[in-house]
Each structure stands twice: as structure tokens, then as C-alpha cells.
Amino acid sequence: MRARRWTEQRVKTLRRLAAQGASARTIAGRIGGVSRAAVLGKISRLRRAANAVEAAARKCSPARPRGPGKTLLELTNHSCRWPIGEPGRRGFHFCGADGADLERAMPYCARHARRAYGNDAAAAEPKNPRRAPARRRVAPRS
Ligand SMILES: [Zn+2]
């Protein structure tokens, strides 16, 4: 079977599923009419194009947010999806730190999960890192 063309719609679907961490096999099945290899090839080409765009953007934009970060196509199942910057704007990216687990419906790293949900883990750590509690002195036991 000859691979069908990558229409805008199919690329959109590919990007969305890839961002959700779907496997190439899953993406191929969802799009239909393409092989897993074709999906991998397309992802790789999109990545290369995205990298080129990013490199160009970096050259003329010193305002790329701090931190390593990841673009949409660089995200894996374990990459934090906390958005940094404004979608559609130059420099927009995701936190990308390890610690997320999409299979367990956990899209953020521990730090951003606390910011997003303020769950139990938040109570265990200081809310404001600048006001961390003073270090306890370790007194020798008598
Ligand atoms: Zn994060």
C-alpha cells in the first residue's frame, strides 16, 4: 500500500497524538493508511524542521524563557507539560522535566504538579522556596 499524503489535518492529528505521548503504532492506527515507519519518519522530519525554526528563533530572540524546556515534539511520556510562555508566541515551550507520567494521568513534574494541584506533597515542602524554614541545628544527643 502506498502511503497517503500528509495533509494538514493528518499532521495536526500526528502532532496532537505525539504530544500526548502516543506510540507511533497508535498514531499510525489513529491516522489510518500510514505505517508505523511512516509516522516515525514524519515525526523525525517535523522535529528537524521544528529544531531549525527554534534555532532561527533563538538567534533573533534573546528572550527565550530560562531553563532547558522542551518543544511540543520533544515531549515524551515522562516530560512535564507545564506551559512556559504564551502559546503561539516565540519562545513558548514546556517545562519538559522528567517526572510526569501520562499513563498515570500525571502531566506535570513534581514541582509543577504541586503548583497545579496543591496536593498533599505541597504540605510536605515549603510553598515559597525563598522562605524555606531555617535549617534545624543538629544537636548531639547527651
Ligand atoms: Zn515541570
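Begin by selecting residues 61-65, where pLDDT (the predictor's confidence in each residue, from 0 to 100) stays under 50, and where the model has 9 contacts beyond four places in sequence, a contact being two residues whose C-beta atoms, placed from the backbone, lie within 7 Å. This is a predicted model, in which local features need pLDDT of at least 70 and side-chain atom pairs count only at pLDDT 80 or more, while totals for chains, interfaces and linings use all residues. Residues are numbered from 1 along each chain as its sequence is written.

Select residues 121-125 next: pLDDT stays under 50 there too, and the model has 4 contacts beyond four places in sequence for this stretch. Over the protein chain, pLDDT averages 79, and 72% of the residues score at least 70.

Now turn to helix H1 (residues 8-19) and helix H2 (residues 24-31), helices being DSSP runs of H or I with at least four residues, numbered from the N terminus. Their axes, lines fitted to C-alpha atoms over the stretch in contact, with angles running from 0 to 180 degrees between N-to-C directions, come within 10 Å and cross at roughly 145°. To see where they meet, select Arg10, Thr13, Leu14, Leu17 and Ala18 in H1 together with Thr26, Ile27, Arg30 and Ile31 in H2.

Finally, select Ala24, which lies in helix H2. Ala24 counts as buried because 20 other C-beta atoms lie within 10 Å, the cut-off being 20 or more, with C-beta atoms placed from the backbone. Leaving aside residues up to four places away in sequence, Ala24 touches Arg36, Val39 and Leu40.

Terms used
Helix = DSSP H or I, 4+ residues; strand = E, 2+ residues; numbered from the N terminus. Buried ≥ 20, exposed ≤ 12 C-beta atoms within 10 Å, placed from the backbone.
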